[in-house]
Amino acid sequence: MAGELTTNNKKMTAGRLKSRPQFLAVRQGEKRKGGFFLLEVLDRKEPETEARVGFTVTKKHGNAVERNRMRRRLKEAVRLHAGFAMQPGHDYVVVARRDVLKASFKELAAELKTRVETKPKHKRSGDGRPRNV
């Protein structure tokens with residue numbers, strides 16, 4: 001079973017976000033919403049440094065055992081499937097949702113890989129006009 005989950009792609013390791021200011025800085029970046037998690041991405045404008053990733057699971061999603069299980073599943077999905085797709089010089093924060101526990105690992109890894117590889121969409125101009133006009 002472990003053999004079918006691994007990929008043959010060259011894997012690059014991702015560094016870790018560890019301190020609160022690092023996590024708060026990423027909140028200013030782009031947000032990519034998904035069914036299992038929210039992915040926040042920040043370009044640090046340092047292309048020569050490795051990508052860094054952090055994981056957030058809030059207390060409203062369960063007790064400590066469930067939160068740790070969510071975090072472990074996301075970490076493993078990043079390690080096996082999405083770490084190589086992360087761009088150097090970028091920070092990523094994965095904010096888990098409760099559905100991470102119910103999803104199959106294959107679905108979780110596929111969505112994570114898709115969200116990491118998604119290119120940012122063009123932002124609306126800030127001209128202040130309402131959308132329905």
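## A salt bridge between helix α3 and a loop

E66 and R98 form a salt bridge, with their closest N and O atoms 3.1 Å apart. This pair joins distant parts of the chain, since E66 sits in helix α3 and R98 in the loop between β5 and α4, 32 residues apart. A salt bridge here is a side-chain nitrogen of Lys or Arg within 4 Å of a carboxyl oxygen of Asp or Glu. E66 is partly exposed at 21% relative accessibility, and R98 is partly exposed at 32%. The burial classes are buried (under 20% relative accessible area), exposed (over 50%) and partly exposed (in between), computed with a 1.4 Å probe on protein chains only.

The model is predicted: local features need pLDDT of at least 70 and side-chain atom pairs count only at pLDDT 80 or more, while totals for chains, interfaces and linings use all residues. Residues are numbered from 1 along each chain as its sequence is written, and side-chain values use heavy atoms, with hydrogens and water left out.

## Overall fold

The chain contains four helices and five strands, in the order α-β-α-β-β-β-α-β-α along the sequence. Helices (H or I, at least four residues) and strands (E, at least two) are DSSP runs numbered from the N terminus.

Of the 133 residues, 38% count as buried. Contact means heavy atoms within 4.5 Å. Among contacts with a separation of 6 or more, 81% are between residues 24 or more positions apart. The exposed area of the chain is about 8800 Å², of which carbon and sulfur atoms supply 52%; areas come from the Shrake-Rupley method with a 1.4 Å probe, and for residues only the protein chains shown count as cover.

## Other salt bridges

The structure has eight salt bridges. In one of them R32 pairs with E30, and the closest N and O atoms are 3.0 Å apart. R32 is buried, with a relative accessible area of 8%, whereas E30 is partly exposed at 22%.

Another salt bridge joins the side chains of E111 and R115 at 3.8 Å, N to O. Both residues belong to helix α4 and are four residues apart, about one turn of the helix. E111 counts as buried at 15% relative accessibility, and R115 is partly exposed with a relative accessible area of 22%. Elsewhere, R44, E46, R52 and D91 are joined into one network by salt bridges that share partners.

## E40, a buried acid

E40 belongs to strand β3. The residue is buried and has no salt bridge; R27, the nearest side chain of opposite charge, is 4.1 Å away. Lys and Arg count as positive and Asp and Glu as negative, with His and the chain ends not counted.

Leaving out residues up to four places away in sequence, E40 touches V26, R27, E30, K31, D91, Y92, V93 and V95.

## A positive patch

R20, R27, K31, K33 and R97 form a positive surface patch. Patches are made of residues with over 30% relative accessible area and no salt bridge, like charges being joined within 9 Å and nonpolar side chains (Val, Leu, Ile, Met, Phe, Trp, Tyr) within 5 Å. The place of a charge is taken as NZ of Lys, CZ of Arg, CG of Asp or CD of Glu.

Within this patch, R97 lies in the loop between β5 and α4 (105-117) and counts as partly exposed at 31% relative accessibility. K33 is in strand β2 (residues 30-33) and is exposed, with a relative accessible area of 62%. Apart from its neighbours within four places in sequence, K33 is in contact with L38 and R115. K33 and V95 are 62 residues apart in sequence, with 9.7 Å between their C-alpha atoms.

## Two loop residues

K45 is in the loop between β3 (37-43) and β4 (52-56). Its phi is near 60°, a positive value in a residue other than glycine. Most residues other than glycine have a negative phi. K45 counts as exposed, at 65% relative accessibility.

P88 lies in the loop between α3 (64-82) and β5 (90-96) and is partly exposed, at 38% relative accessibility. Residues up to four places away aside, P88 touches E46, P47, T49, E50 and A51. The C-alpha atoms of P88 and D43 are 8.9 Å apart, and the two residues are separated by 45 residues along the chain.
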